[in-house]
Amino acid sequence: GAAAAVGADQAIRLAGRPGPAGAADAAADASPAGDGELTGSGVVPFYGPHQAGIATLPQAHATLVALDLRDGINRDGLRRLMQLLTDDAARLTRGEPALADSEPELAHVPASLTVTFAFGPEFVRRASTAAVQAPAWLRPLPAFGIDRLEAAWSDGDLLLQVAADDPFTVAHAVRMLLKDTRSFATVRWTQPGFRRARGSEAPGTTMRNLFGQVDGTVNPAPPTLDFEQLVWIREGAFAGGTGMVVRRIRMDLDKWDRLDRSGREQSVGRTLANGAPLTGAEERDEPDFAAKNAAGFPVIAEFSHLRRARSENTSERFFRRAYNYDDAPSREQISNSGLLFIAFQADVDAQFVPIQQRLDELDLLNEWTTPIGSAVFVVPPGCAEGGYVGEGILG
Ligand code: HEM
């Protein structure tokens, strides 16, 4: 059944390594691919017009690593860096060891690994020649009233988004890639995130966040034309790439605990049971914003996240591919959790910023959520075998 949920761009090939004797039967039910294949043998093609890890069906685990370039790393250095990184990412995603893999045995479980590279403003500044224009939106987002940003979670020159259905695979890939970057860059921040384990729910089930909400229902889905048009940059050196916004949003679970179920549902305008709009029964039902309750108030409140996150201007949309985070609480806290909100769009200023502005002005969810990190990157297009990611500006 998995094949139906997986689009052309996101096809998961199988490495075809047979599982250990006896494991095949047990794996049959758990594997997204069925056919007795192990989840760990899933391979997502690395090469292509777009980088993997965007239209790819979200894997269970992702780690984002933002790097600061060292002083003096120029265009030639950046080219060498991206060639090294591309080569190792291509190997690791195939389930092969990196070139100088110190633990090669760990590379044999690709688990649908994807490595997505994205460039911050400083990377593009150092990489560009006069012929290449950085996208105008490639800069920190405007300041929002709700923001409580910490430098420790913000910005960065080069981003690695490493995702797989197995956290062990992610850990090994991150380590191998960081070894490549050592003489070029230092780690600025690292943010791991997770969704449900692959096989624990039917593939394509909308994720839930740590508030318990169904999160990601209204989202342009790959590989539709709508998705293609909203997400991929069409012109210039970054054509086939996209804009990436990363927001680390703390979710105050301890405060959320004090809100009753009806209040929780009104804050978004959807039910907790299945994510249906408060005017409907099923997750995918269209919300009825005109519907009123017995007291004459809108059923889906004006302050609800649902109403505020939706603009009448349908070009103000983007693709959300978020992960949950759950860090160790400190002292009096019970939880230190939130959302690694990740949005992809061709034009950050035209698509993302107006919605974030609306939410900044009014959104009841703001009572329990606080953006504490923020970064904007441009994701260059993918490359063909023999090429490297970033060749459009570094070549
Ligand atoms: C919808 C939660 C932050 C944009 C939703 C939904 C939930 C949700 C439960 C309804 C189901 C769905 O369609 O996905 C959250 C939480 C957040 C958060 C817990 C913070 C921790 C944001 C941010 C933005 C955003 C920062 C963009 C600036 C949207 C959009 C929708 C949505 C565009 C779909 C609206 C529509 O129906 O047209 N969010 N969200 N959300 N959210 Fe958020």
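This report walks through a predicted model, from its annotated regions to its strands, loops, cores and ligand shell.

**Two annotated regions**

Let us begin with what the record says. UniProt, in an unreviewed entry, gives "domain: Dyp-type peroxidase N-terminal" for residues 51-195. In the model, that span is 28% helix and 22% strand, and its end C-alpha atoms lie 21 Å apart. For residues 207-383, UniProt lists "domain: Dyp-type peroxidase C-terminal", again from an unreviewed entry. Here the chain is 21% helix and 21% strand, with 30 Å between the end C-alpha atoms.

**Strand E4 and the loop before it**

A good place to look inside residues 51-195 is strand E4, which covers residues 114-119 and has six of its six residues buried. Thr114, Thr116 and Ala118 point one way from the strand, while Val115, Phe117 and Phe119 point the other way. Strand E5, residues 158-164, runs antiparallel to E4 and is joined to it by six bridges. If you want to find this pairing on screen, look for threonine 116, which stands opposite glutamine 161 in E5.

The loop between helix H3 (75-93) and E4 holds alanine 111, and serine 112 is found in that loop too. Both deserve a second look for their backbone angles. Most residues other than glycine have a negative phi. Alanine 111, however, has a positive phi of about 50 degrees, and serine 112 has a positive phi near 60 degrees.

Are these two residues buried or exposed? Alanine 111 counts as buried because 26 other C-beta atoms lie within 10 Å, where 20 or more are needed. Serine 112 is buried as well, since it has 30 other C-beta atoms within 10 Å.

**Strand E10 and its partners**

Moving on to residues 336-345, we meet strand E10, where nine of the 10 residues are buried. Which strands pair with E10? The table lists E7, E8 and E9, each with its bridges to E10 and one pair of facing residues.

| Strand | Bridges to E10 | Sense | A facing pair |
|---|---|---|---|
| E7 (242-251) | nine | antiparallel | glycine 243 and glutamine 345 |
| E8 (residues 319-320) | two | antiparallel | arginine 320 and alanine 343 |
| E9 (residues 323-327) | five | antiparallel | tyrosine 323 and leucine 340 |

**A cis bond between two prolines**

Most peptide bonds are trans. The bond that joins proline 222 and proline 223 is cis, with omega about 0 degrees. Proline 223 lies in the loop between strand E6 (185-194) and helix H6 (225-231).

**Nonpolar cores**

In soluble globular proteins, nonpolar side chains tend to be buried together. In this model, the largest nonpolar core has 83 residues, and those with the most contacts inside it are Val115, Ala173, Leu340 and Phe377. A second, separate core of five residues includes Val268, Ile300, Leu306 and Leu365.

Some of these names are already familiar. Val115 belongs to the buried strand E4, and leucine 340 in E10 stands opposite tyrosine 323. Alanine 173 touches Leu92, Leu113, Val115 and Val162, leaving out residues up to four places away in sequence.

From the second core, isoleucine 300 makes a helpful landmark. Isoleucine 300 lies in the loop between helix H8 (261-268) and H9, and it is buried because 22 other C-beta atoms lie within 10 Å. Beyond its neighbours within four places in sequence, isoleucine 300 is in contact with several residues, among them Gly269, Pro277, Phe289 and Leu306. Threonine 279 is another of these contacts; the C-alpha atoms of isoleucine 300 and threonine 279 are 7.3 Å apart, although the two residues are 21 apart in sequence.

**Around the ligand**

Finally, we come to the ligand. Which residues come nearest to it? Of the 25 residues around the ligand, they are Gln213, Thr217, Val218, Ala309 and Arg310. By class, the shell has 13 nonpolar, eight polar and four charged residues.

Several elements contribute to this shell. Strand E7, helix H9 (305-308), strand E10 and helix H10 (348-361) each supply at least two residues. Two of these should be easy to recognise: E7 and E10 are the antiparallel strands joined by nine bridges.

Key: Residues numbered from 1 in each chain as written. Predicted model: local features only at pLDDT ≥ 70, side-chain atom pairs only at ≥ 80, totals over all residues. Near = placed C-beta within 6 Å. Helix = DSSP H or I, 4+ residues; strand = E, 2+ residues; numbered from the N terminus. Nonpolar A, V, L, I, M, F, W, Y, C, P; charged D, E, K, R; others polar. UniProt positions renumbered as here; feature names shortened; annotations may be inferred. Buried ≥ 20, exposed ≤ 12 C-beta atoms within 10 Å, placed from the backbone. Pairing = 2+ DSSP bridges. Contact = placed C-beta atoms within 7 Å. Core = buried A, V, L, I, M, F, W, Y, C linked by C-beta atoms within 7 Å.
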